[in-house]
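Biologist: I would like to go through a model with you, starting with the ligand and then the core. Please give the general idea each time, then the case here.

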Amino acid sequence: MTISPNIPVIAIDGPSASGKGSVAQRVAAALDFHYLDSGAIYRLLAYAAQLQEVAWSDAERLALIASHMHIKFAGNDVFLNQSLINDQIRSEHMGKGASEVAIHPQVRAALLHCQQQFKQSPGLVADGRDMGSVVFREAGLKIYLTAAVETRAQRRFQQLITRGDHADYAVILADLQQRDLRDQQRPTAPLTQLPDAMLVDTTEMNIQQAVDMIISTYKKTL
Ligand code: CDP
């Protein structure tokens, strides 16, 4: 596999619980492309920091940890420095941690190259907040995937209940609103709909409809 500027990238950005992960994974599978879950990288950093008792506010030490992280994705498995880490990073607590460590410009800079390494032949689908604006500015197709915050809270609630976790809709809604604000208002790489990004609003759409829309748009760009 080679890294080249001609490798196609589909960048899918959007707020928490908009369905980005599921949509991006299905688009990648349908096109036989690689998939980058950039949120998992921020979650891994929050997790690694907690293990080393480094505060999520300590930008300098976080950036140091970030620059030494060796990350590997294999299907649904995530490895950090050769150890399998899955459920540990998928909790609401680590989601909050990810959103806190992600505000530091030093952290984002330290993780830039690591994310860009995922651009490999035959192509990449990357999901996050700044895939189209920072990490893969050259992406041939940029998508802004969103849904009404109440719909996103309902989906997250359902997801937690389904996996047997405790969930409180009002708490989830408040947490998503807070995360949206943090993502949109941070000075570095804020979440925003780029002028050259296509809006996909999944409030009234299921995952497969969003996937089909993205794939047909991608095919038209070829
Ligand atoms: O599913 P959810 O959006 O809650 O989580 P995620 O996509 O795994 O991302 C976790 C957190 O990492 C987000 O709330 C963002 O604050 C941050 N993040 C970011 O700043 N930039 C990215 N490219 C990806 C995630």
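Modeller: Start with a single polar pair: an oxygen atom of the ligand lies 3.0 Å from an N or O atom in the side chain of R156. Keep in mind that this is a predicted model.

Biologist: Which distances to a ligand oxygen atom do the side chains of R129 and R179 give?

Modeller: For R129, an N or O atom of the side chain is 2.7 Å from an oxygen atom of the ligand. For R179, the corresponding distance is 2.6 Å.

Biologist: How much of the ligand's accessible area does the protein cover?

Modeller: On its own the ligand has 520 Å² of accessible area, and the protein covers 95% of that.

Biologist: How many residues surround the ligand, and which are the closest?

Modeller: There are 19 around the ligand, the closest being R43, R108, R129, R179 and D183.

Biologist: Now the core. How do I read one, and which members touch the most others in the largest nonpolar core?

Modeller: A nonpolar core is a set of buried residues such as Leu, Met and Phe, joined through side-chain atoms within 4.5 Å. The largest one here has 37 residues, and L45, M69 and F136 touch the most other members.

Biologist: Which element gives the largest share of this core?

Modeller: That is α2, with nine residues.

Biologist: What is L45 in contact with, leaving aside neighbours within four places in sequence?

Modeller: L45 then contacts L62, I65, A66, M69, V101, V107 and L111. A second core, separate from this one, has 19 residues, including I12, V23, A24 and I143.

Conventions:
Residues numbered from 1 in each chain as written. Predicted model: local features only at pLDDT ≥ 70, side-chain atom pairs only at ≥ 80, totals over all residues. Heavy atoms only, no water. Buried < 20%, exposed > 50% of the residue type's maximum accessible area, 1.4 Å probe, protein only. Helix = DSSP H or I, 4+ residues; strand = E, 2+ residues; numbered from the N terminus. Contact = heavy atoms within 4.5 Å. Near = heavy atom within 4 Å. Polar contact = N/O pair within 3.5 Å; in protein donor to acceptor, adjacent residues only side chain to side chain. Areas by Shrake-Rupley, 256 points an atom, 1.4 Å probe, with all protein chains shown as cover.
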